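I opened this notebook to record what I looked up, one topic at a time, and the entries follow in the order in which I made them.

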Amino acid sequence: MNTKLKRTAAMCAALVMAGTVLTACGGSSDNGGDTTTAAQGGDTTAAAQDGDTTTAADAGNAEGGDTEAPASNDGLSGTIKVLHHRTDRDQDGTMAKLTEGFNALYPNVTVEYQSFTNYADDIATMMQSDNYGDVVMTPQALKQADLPNFFASFGSYDELSQKYYWLENYSVDGQVYALPTGGTASGILYNKKVWADAGITSLPTTTEEFLNCLKQIKENTDAIPYYTNYNAGWCITQWQSLVVGASGDPDYNTKLLTEKNDLFSAGSPYDAVYGTLFDIYADASLHEEDPMTTDWEGCKPAFAQGKIATMVLGSWAISQFQEAAEQVGTDPADVGYMPFPNSIDGKIYSVSSNDYMMSVNKNSSNLDAAMAYAEWFCTDSGFAQNEGEISGLKGAAMPETLSSFDELGVQLFVENPTPADLIGKWDEIAKASEVDPWGDASTNFKFRMAEAAFNGKGRDEYDKIAADVNAAWAKSRDEILG
């Protein structure tokens with residue numbers, strides 16, 4: 001689930017806390033100072049093309065980078081501590097087991113883990129000193145320019161960008177300070193069995209077909225066609241992750257600034273995404289009876305049991321819902337994932353983005369061992385594959401959980417980096433205009449649209465809200481950009 005980054009007053013000036021980000025969530029309890037050692041590796045997985053598009057099938061057939069680690073390295077020794085946010089993977093022993101593969105290569109290095117439920121705030125506090133472990137999940141609120149103040153370089157961007165995705169925002173002066181642990185695709189979680197029981201034989205390729213599928217589920221099954229999870233405010237922000245993919249353009253966000261287009265217009269990605277949201281929310285037969293009392297944790301077993309058919313979530317959620325299926329005794333293979341069905345010239349697109357990155361504390365007393373661990377984790381550990389994520393390695397195979405992307409020939413792409421002169425401007429406009437597409441404040445336009453839909457106000461109200469958004473965005477954009 002999303003992690004809401006809170007403003008931490010005690011953090012040094014370099015760490016400025018941001019808004020909602022897309023990451024896989026950890027467990028519900030803090031593992032505190034508990035540590036574990038050891039593990040088992042596996043094959044890595046991944047796919048997408050920087051600045052371009054590739055089909056999922058092509059990506060799976062592409063030849064990956066050199067991922068072979070040395071047979072052994074007895075020269076490294078010592079103890080390293082890895083700080084991370086996956087309390088669930090500490091508690092179920094995954095991290096400890098995973099590391100057996102690392103120790104097969106580096107038998108004299110002891111790996112200890114410490115996980116945090118409130119990772120963003122806790123790592124911010126720890127980084128006021130030099131004592132913030134040896135390897136960390138890179139704080140997502142840390143300004144890009146400040147990376148060298150805290151972390152060691154893995155090498156040159158020119159070299160490493162040939163091997164890994166998503167390095168652009170973690171490089172400074174041609175050096176890379178974080179490697180990807182895995183990534184996610186944007187799309188829609190669906191229960192394959194429910195959809196099949198409804199008589200749906202092929203996945204939708206347009207938003208109209210998608211809405212018709214939900215209506216078919218209502219008519220032919222007892223499942224809730226779409227679960228809004230509205231009471232968990234962050235869930236509605238998941239719809240924003242669909243916008244860039246719906247555009248089919250890796251430069252879409254940049255063009256919003258340079259071409260000064262409205263966010264909402266007939267046929268625009270924003271209209272395709274939020275118009276679909278509005279239509280679903282406006283039809284009481286297509287969602288849960290009382291969206292104000294939804295339950296995020298409870299929806300997982302309900303989905304697995306076929307009581308819920310569909311939800312908009314990042315692909316990070318797949319593994320969590322598969323685990324829920326195992327716990328309630330249903331088939332994890334019923335957890336399916338499809339792209340948002342906004343066909344452009346007969347093609348469907350989805351955008352991939354990184355989950356947490358991994359960095360090494362520049363002050364580590366076992367720097368070489370820490371670097372070896374981070375490189376192994378992001379290259380050879382199999383963590384991304386085990387979590388059903390896209391690997392950060394270019395050319396590696398797509399995870400099986402995204403098999404529907406192959407079936408539909410989805411064009412999966414990575415968003416292009418923002419031009420240097422526009423870095424930060426999009427967020428500045430979003431804040432000044434109070435539009436904030438990623439925001440989860442109750443006054444945000446997404447919630448205004450949802451409330452209007454729930455209250456049966458119709459498309460005229462949707463158009464009014466969209467016009468308000470366009471006006472506020474344009475005013476702040478022109479004031480900031482000129």
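Before the first entry I fixed one term: I call a residue buried when its relative accessible area is under 20% and exposed when that area is over 50%. I also kept in mind throughout that I am reading a predicted model.

Entry on N253. I asked whether N253 is buried or exposed. Its relative accessibility came out at 17%, so under that cut-off N253 counts as buried. I placed N253 in helix α12, which covers residues 252–258. Looking past its neighbours within four places in sequence, I found N253 in contact with V244, E415 and W426. With E415 the link is a polar contact, side chain to side chain, at 2.8 Å.

Entry on G187. I then turned to G187, which lies in the loop between β12 and β13 (188–191). Its relative accessibility is 0%, and G187 therefore counts as buried. Once I had set aside its neighbours within four places in sequence, the residues in contact with G187 were L242, V312, L313, Y337, M338, P339 and F340. I also checked G187 against A246: the two are 59 residues apart in sequence, and their C-alpha atoms are 9.8 Å apart in space.

Entry on strand β16. Which strands pair with β16, and in what sense? Strand β12 (residues 183–185) pairs with β16 in the antiparallel sense over three bridges, and there I noted G183 standing opposite N354. Strand β18 (residues 411–414) pairs with β16 in the parallel sense over four bridges, and I noted V414 in β18 as the bridge partner of S352. Strand β16 spans residues 349–354, and five of its six residues are buried, so the strand is largely enclosed by the rest of the structure.

Entry on the nonpolar cores. Which residues touch the most other members of the largest nonpolar core? In this core of 58 residues, I found them to be W195, W239, F264, Y274 and Y281. Helix α13 (residues 269–282) gives the most to this core, with eight residues. I followed W195 further and, leaving aside its neighbours within four places in sequence, listed its contacts as Y190, I200, L203, P204, F210, C213, L214, I217, A309, T310 and M338. I closed the entry with a second, separate core of 51 residues, whose members include F102, F150, A152 and A372. As a general remark, nonpolar side chains tend to be buried together in soluble globular proteins.

Key:
Residues numbered from 1 in each chain as written. Predicted model: local features only at pLDDT ≥ 70, side-chain atom pairs only at ≥ 80, totals over all residues. Heavy atoms only, no water. Buried < 20%, exposed > 50% of the residue type's maximum accessible area, 1.4 Å probe, protein only. Helix = DSSP H or I, 4+ residues; strand = E, 2+ residues; numbered from the N terminus. Pairing = 2+ DSSP bridges. Core = buried A, V, L, I, M, F, W, Y, C linked by side-chain atoms within 4.5 Å. Contact = heavy atoms within 4.5 Å. Polar contact = N/O pair within 3.5 Å; in protein donor to acceptor, adjacent residues only side chain to side chain.
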